[in-house]
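This report describes the fold of one protein chain for a reader who is new to structural biology. Please keep the sequence and the structure in view while reading.

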Amino acid sequence: MATQERNTTPYPNIPAFLESDDREFRDTGVPSTVAIAGHPIHPILVQFPISFLVGALLTDAAFWYIGDTFWARASFWLIVGGLVGGIAAALTGLLDFLRIGRVRKRTAGWAHLILNVSALVLTIINLVLRWNNPVTAILPWGLVLSVVVSGLLGVSGWYGGELVYRHKVAVIGNGNPDQP
């Protein structure tokens, strides 16, 4: 099979899911607007809510399988930690969303925002359901919400990766924040 010269990025362009722009491929990228010594804060903060909320899914499943109330209490506190960490990550991500025009011009930016807001709203609902009794709320709705939130975070994380690796947002560079 012969290789053809093309005037696009080496990545596929699948509209509505992936958007490729040759100018972004060749651009140096734009730094995050929320950074310490040039290092973006949002990628540091997202590790905690993702770990806590996926951990809550695992502890929900352990409670379902084993029935020990320890796992129900563990889920409750993981959801609390995931919500607190998620709010901190959301604030830093929202600042970049509002300040970097390139993010708002891409489907990946909007998908990342909408999926994360959805995950936070469902996390609040999951926490409210468990507030008075973490044990009785797990089956079935607590577990269902944990599965949905974990799925949303997985897809949202993929879109976040698109912003960094395909659209070169929150990287060290001196590109135009509004245009590639």
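## Terms and model

Two residues are said to be in contact, or to touch, when heavy atoms of each lie within 4.5 Å. The model discussed here is predicted.

## Overall architecture

The chain contains seven helices and two strands. Read from the N terminus, its elements follow the order α-β-β-α-α-α-α-α-α.

Of the 180 residues in the chain, 42% are buried. The accessible surface amounts to about 10,200 Å², and carbon and sulfur atoms account for 70% of that area. Contacts also link distant parts of the sequence: among those between residues at least 6 apart, 76% join residues at least 24 apart.

## The largest nonpolar core

In soluble globular proteins, nonpolar side chains tend to be buried together. In this chain, the largest nonpolar core has 22 residues, and the members that touch the most others are Val103 and Val169. Four elements each give two or more residues to this core: helix H3 (47–66), helix H4 (69–99), helix H6 (107–130) and H7. The largest share, six residues, is provided by H6.

Which residues does Val103 contact, leaving aside its neighbours within four places in sequence? They are Asp96, Phe97, Gly109, Trp110, Leu163 and Val169.

## The pairing of H3 and H4

The axes of H3 and H4 come within 8 Å of each other and cross at roughly 165 degrees. Angles over 145 degrees count as roughly antiparallel, and H3 and H4 are therefore roughly antiparallel to each other. The crossing of H3 past H4 is left-handed.

Both helices supply several residues to this contact. On the H3 side, they include Pro49, Phe52, Leu53, Phe63 and Ile66. On the H4 side, the participants include Trp71, Leu78 and Ile79, together with glycines, among them Gly81, Gly82, Gly85 and Gly86.

## Asn176, beyond the last helix

Asn176 belongs to the segment that follows helix H7 (138–166). Is Asn176 buried, partly exposed or exposed? Its relative accessible area is 38%. Buried means under 20% and exposed means over 50%, so Asn176 is partly exposed.

Residues up to four places away in sequence aside, Asn176 touches Val30 and Arg102. Val30 is 146 residues away from Asn176 along the chain, yet their C-alpha atoms are separated by 6.5 Å.

Methods. Residues numbered from 1 in each chain as written. Predicted model: local features only at pLDDT ≥ 70, side-chain atom pairs only at ≥ 80, totals over all residues. Heavy atoms only, no water. Buried < 20%, exposed > 50% of the residue type's maximum accessible area, 1.4 Å probe, protein only. Areas by Shrake-Rupley, 256 points an atom, 1.4 Å probe, with all protein chains shown as cover. Core = buried A, V, L, I, M, F, W, Y, C linked by side-chain atoms within 4.5 Å. Axes fitted to C-alpha atoms, helices over the stretch in contact; angles between N-to-C directions. Parallel < 35°, antiparallel > 145°, perpendicular 65-115°, else oblique. Left-handed = near helix turned anticlockwise from the far one by under 90°.
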